[in-house]
Amino acid sequence: MILDTFSLAGKVAVVTGCDTGLGQGMALGLAEAGCDIVGINRVEPAETIAKVEALGRRFLSLNADLSKIDAIPQLLERAVAEFGHLDILVNNAGIIRRQDAIEFSEQDWDDVMNVNIKTVFFMSQAVAKQFIKQGSGGKIINIASMLSFQGGIRVPSYTASKSGVMGVTRLLANEWAKHGINVNAIAPGYMATNNTQQLRADEQRSAEILDRIPAGRWGLPDDLKGPIVFLASGASDYINGYTVAVDGGWLAR
């Protein structure tokens with residue numbers, strides 16, 4: 001039956017940056033579909049752990065600074081030691097820096113690029129090696145952005161990194177499909193998260209954004225549960241290299 005292909009029972013998902021917001025929403029969606037979760041965060045995601053475990057799923061919490069890639073092998077070794085296998089990777093961890101391009105610093109450029117694209121690539125590479133070793137394929141879902149499609153303003157390194165995520169998603173899909181590994185991305189629209197707090201606090205800017213969104217509201221973490229489960233499940237086995245916009249219609253406007 002078709003609904004059976006959406007089940008993630010017995011699967012293990014690595015989710016980076018799942019302490020709050022979109023990462024938490026996606027981790028909960030995966031857990032609701034049957035996944036055990038490996039969360040990689042800079043802080044202990046106490047609320048997410050409690051919510052996942054309340055669903056009867058297991059949660060392995062790993063602490064790491066994902067601005068550096070050195071710890072990736074050890075993190076995945078611990079995950080495999082705990083669960084025996086990995087099936088899904090969600091590259092959600094990301095940061096943003098806001099400043100006019102004319103004044104933008106090298107430090108703000110490097111900080112964002114390291115987390116948002118460098119670590120995404122090398123985490124994907126390490127997990128893909130584990131998938132290939134297991135011989136059973138796997139799913140990698142990267143988190144892109146509206147700024148994978150558009151230029152934005154005052155966020156040059158964020159725009160560059162998220163454009164890179166979209167390109168790398170295609171590249172990895174091309175190379176790894178032969179191993180049964182699907183690589184896709186989700187591009188959230190304007191979501192009510194910590195990253196958009198400044199925008200939502202600016203009444204004029206917030207009104208301008210809402211006026212363009214056909215759905216008439218900011219997105220919520222729950223809005224990503226369906227897309228993440230779909231792309232992590234067997235229901236999406238013939239989808240590869242695609243970036244799905246979850247934006248309330250923003251890009252259609």
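I began with helix α4 and helix α5: α4 passes α5 in a right-handed crossing. A crossing is called right-handed if the near helix is turned clockwise from the far one by less than a right angle, and left-handed if anticlockwise. Helices here are DSSP runs of H or I with at least four residues, numbered from the N terminus.

I noted the source. The model is predicted, so local features need pLDDT of at least 70 and side-chain atom pairs count only at pLDDT 80 or more, while totals for chains, interfaces and linings use all residues. Residues are numbered from 1 along each chain as its sequence is written, and side-chain values use heavy atoms, with hydrogens and water left out.

**α4 with α5**

I looked up the geometry of α4 (residues 106–134) and α5 (residues 156–176). Their axes come within 8 Å and cross at roughly 15°; axes are lines fitted to C-alpha atoms, for helices over the stretch in contact, and angles run from 0 to 180 degrees between N-to-C directions. The two are therefore roughly parallel, the word for angles under 35 degrees.

I then listed contacts, meaning heavy atoms within 4.5 Å. Among them are Trp109, Phe121 and Ala128 of α4 and Tyr158, Leu172 and Trp176 of α5. By class, this contact has 13 nonpolar, 6 polar and 2 charged residues. Nonpolar covers Ala, Val, Leu, Ile, Met, Phe, Trp, Tyr, Cys and Pro, charged covers Asp, Glu, Lys and Arg, and polar covers the others, Gly among them.

**α4 alone**

I checked the length: at 1.5 Å a residue, the 29 residues of α4 should span 42 Å (1.5 Å times one less than the number of residues). The end C-alpha atoms of α4 are 40 Å apart, which agrees. I also found a bend of about 45° at Asn114, taken as the angle between axes fitted to the seven residues ending there and the seven starting there. Gly135 follows α4, with a positive phi near 75°.

**α1 with α2 and α8**

I turned to helix α1 (residues 21–32), which packs against helix α2 (residues 46–54) at about 15°, with axes 10 Å apart. That makes α1 roughly parallel to α2. The contact is made by Gln24, Ala27, Leu28 and Ala31 of α1 and Glu47, Thr48, Lys51 and Val52 of α2.

I last looked at α1 and helix α8 (residues 225–232), which pack at about 55° with axes 8 Å apart. That makes α1 oblique to α8, oblique being any angle outside the roughly parallel range, the roughly antiparallel one (over 145) and the roughly perpendicular one (65 to 115).
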